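Biologist: I am new to reading structures, and I would love a close look at a single part of this one. Could you take me through it slowly?

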Amino acid sequence: MANVPQELKYTEDHEWVRVEGDTATFGITDYAQGELGDVVFLELPDEGDDVKQHETFGSIEAVKTVADLFAPLSGEVLAVNGSLEDEPETINKDPYNAGWLVKIKMSKTDELDGLMDAEAYNQHIS
Amino acid sequence: MPEKLLYELSVEGRRGVPMPSSDVPAADTLPGSLARTEDAPLPEVSENEAVRHFVRLSTMNHHVDKGFYPLGSCTMKYNPKVNESIVAMKEFADVHPFAPTRMVQGAIRVMVELNEALKEISGFAACSLQPPAGASGELTGLMMMKKYHADRGDSGRYRVIIPDSAHGTNPATIAFAGCEVVEIPSKEDGTLDPEAIRDAVDERLVGLMVTNPNTLGIFESNIRQVADIVHEAGGLMYMDGANLNALLGITTPDALGFDVMHINLHKTFSTPHGGGGPGSGPVCCTEALEPFLPTPIAAKRGDSYLLDWDRPKSIGKMHGFYGNFGMHVRALTYIWSNGKNGLEDVSKLAILNANYVRAMLQDDYELPRADRCLHEVVFSADRQAANGVKALDIAKRLLDFGMHAPTVYFPLIVHEAMMIEPTETESKETLDEFIAAMKQIAKEAIETPERLHEAPTTTPVRRLDEAAAARNPNVRFTKA
């Protein structure tokens with residue numbers, strides 16, 4: 001059974017969002033990492049880049065496939081998890097904490113309304 | 001016991017063949033700054049050590065001469081040995097590509113005859129044998145489509161539609177050709193959705209690329225309707241010929257409404273591939289697209305055979321010389337040794353074999369799309385996954401039975417996909433052995449799921465750490 005923390009928001013593309021003030025952190029869910037299998041490579045934006053909701057902001061490569069990463073929200077990238085470059089397996093081990101991908105400064109907070117809560121995401125993956 | 005590398009078998013000074021010392025003075029051809037200061041570190045072994053090394057490797061490896069190879073979408077049919085005898089004839093094997101055409105009339109005739117055969121099989125008006133692989137054929141076709149539009153002054157077209165079941169090479173080709181990929185979701189039954197395609201076409205459309213039968217092994221029965229929609233929008237229809245093995249003599253891509261396609265000689269026409277290639281991906285097209293085919297084209301004028309370079313609208317050359325000529329000889333041998341009726345039987349038996357496997361295994365594995373298929377069948381390991389056994393575990397376990405695994409995790413639209421293509425060259429006895437192995441694995445997935453995670457246990461190497469290999473590739477031998 002995949003772990004779905006209560007306090008996070010989710011997208012249909014299996015990304016999670018943690019909101020703190022006007023910043024938001026993205027990652028991929030435990031379910032997503034389980035489906036992908038061992039992650040071997042990531043392509044992420046640079047600090048200062050703009051990401052747009054529903055648009056690709058990077059890609060994730062696992063042994064069996066490569067998948068696009070779709071931005072759950074729009075905003076400017078404040079920080080990128082550089083440790084994933086050397087240790088992409090962190091995403092498999094700890095998808096919700098050490099395996100975070102990027103932090104953004106949200107430009108449209110009303111986009112949050114379109115995200116799922118833990119209960120709805122649990123439904124989505126069952 | 002892993003096989004040592006030739007470098008590890010090397011003993012300084014050991015030679016396979018004793019070479020006499022040269023009786024002419026060494027030429028001083030290279031400037032000193034470019035010459036080696038020490039000998040290249042090549043392995044030094046005797047002839048029998050080298051031969052035994054490669055024979056041992058060939059027995060450790062799985063290949064179509066050794067066992068069943070149901071790798072979906074790859075058409076790993078047996079490669080008849082008569083193909084090899086013909087291509088080994090010195091008139092083919094020793095031909096030089098710079099030889100004057102009057103000295104290689106027979107070789108050019110082989111290309112002309114193969115062109116004619118492929119035209120008849122595809123229904124198309126013209127053909128080029130130059131692309132050396134399927135993906136190269138795709139790029140050739142797409143460049144021809146772009147040039148066709150540009151030649152008509154129809155600029156501003158840059159979008160190419162593919163279904164979400166497409167082979168990975170299709171979007172890659174589209175991007176490489178400088179176009180934009182438009183991916184359309186398939187219908188619930190796994191086939192093209194004409195309405196979604198209608199919504200996606202406009203004056204920006206270059207064309208649509210699709211495999212038929214598609215990657216689920218299902219015939220696209222709406223293909224003519226889709227072709228009409230694409231053509232009305234001014235676009236062209238490209239067929240990925242990877243699955244042509246299901247259509248020989250039954251229908252032609254031309255009759256289905258396509259304008260251009262590639263044919264994988266190394267799949268449908270039995271030339272070797274899977275490490276044994278090289279491939280060959282001829283492109284066939286309608287009369288309207290013919291001027292844009294790559295140069296040169298093998299042709300017959302009067303009584304002589306020639307290479308036609310005078311094609312001003314051609315997209316140019318796609319490969320050195322005339323493509324992989326050895327594959328042309330093998331494919332023509334295969335086509336002529338089967339004949340027209342024989343080729344139709346090839347497709348019918350390929351379809352029968354896949355449907356036999358489908359019918360025999362549908363109680364053991366989930367069959368997510370369609371109750372029928374053509375030359376390949378896609379199961380899902382969803383039922384086994386509920387017990388912690390994934391498609392990968394099933395694929396690895398099959399290796400213990402001396403069989404190659406099916407394609408797994410493709411097409412992407414099927415969860416835990418296992419894509420099985422038995423081909424026509426397998427007997428019922430071989431298929432029954434495969435079916436029995438798959439049934440046993442399904443039983444093991446219920447009774448001893450944890451043991452499947454250990455598989456394979458009888459192969460020369462056990463389960464490899466693919467993640468470590470991808471994260472930390474080490475492909476170079478370093479002397480200790």
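Biologist: To begin, how many salt bridges does the rule find across the interface of chain B and chain A?

Modeller: Happy to help! Please keep in mind that this is a predicted model. Across the interface of chain B and chain A, the rule finds 1 salt bridge. The partners are B:Arg471 and A:Glu89, whose side chains meet with 3.7 Å from N to O. On the side of chain B that touches chain A, the residues divide into 4 nonpolar, 1 polar and 4 charged. Chain B brings 9 residues to the contact, and chain A brings 11 residues. Together the two chains bury an area of about 750 Å², and carbon and sulfur atoms give 52% of that. There are also 3 residue pairs in polar contact between chain B and chain A, counting pairs with both residues at pLDDT 80 or more.

Now let us turn to chain B itself, beginning with helix H9, which covers residues 223-232. Its buried residues are B:Ile223, B:Val226, B:Ala227, B:Ile229 and B:Val230. If you look down the axis of H9(B), these buried residues fall within an arc of 160°, so they line one face of the helix. The face turned away from that buried side carries the exposed residues B:Arg224 and B:Glu232. What lies over the buried residues of H9(B)? The cover includes three elements of chain B: helix H8 (194-200), strand E4 (205-211) and strand E5 (236-241). After H9(B) comes B:Gly234, which has a positive phi, near 85°.

One more stop in chain B is B:Gln130, found in the loop between strand E1 (126-128) and helix H6 (134-151). Is this residue buried or exposed? B:Gln130 is buried, and its relative accessible area is 2%. Its side chain has a polar atom 2.5 Å from the backbone nitrogen of B:Met318. The side chain of B:Gln130 also reaches the backbone nitrogen of B:His319, at 3.4 Å. Both of those residues appear again among the contacts of B:Gln130 once neighbours within four places in sequence are left aside. That list also includes B:Pro294, B:Thr295 and B:Pro296, along with B:Gly316, B:Lys317, B:Phe321, B:Tyr322 and B:Gly323. To find this spot on your screen, start at the loop between E1 and H6 of chain B, then look for B:Met318 and B:His319 beside the side chain of B:Gln130.

Notes
Residues numbered from 1 in each chain as written. Chains lettered and ligands numbered in written order. Predicted model: local features only at pLDDT ≥ 70, side-chain atom pairs only at ≥ 80, totals over all residues. Heavy atoms only, no water. Contact = heavy atoms within 4.5 Å. Buried area = accessible area lost by both parts, 1.4 Å probe. Salt bridge = Lys/Arg side-chain N within 4 Å of Asp/Glu carboxyl O. Polar contact = N/O pair within 3.5 Å; in protein donor to acceptor, adjacent residues only side chain to side chain. Nonpolar A, V, L, I, M, F, W, Y, C, P; charged D, E, K, R; others polar. Buried < 20%, exposed > 50% of the residue type's maximum accessible area, 1.4 Å probe, protein only. Helix = DSSP H or I, 4+ residues; strand = E, 2+ residues; numbered from the N terminus. Arc of directions from axis to C-beta.
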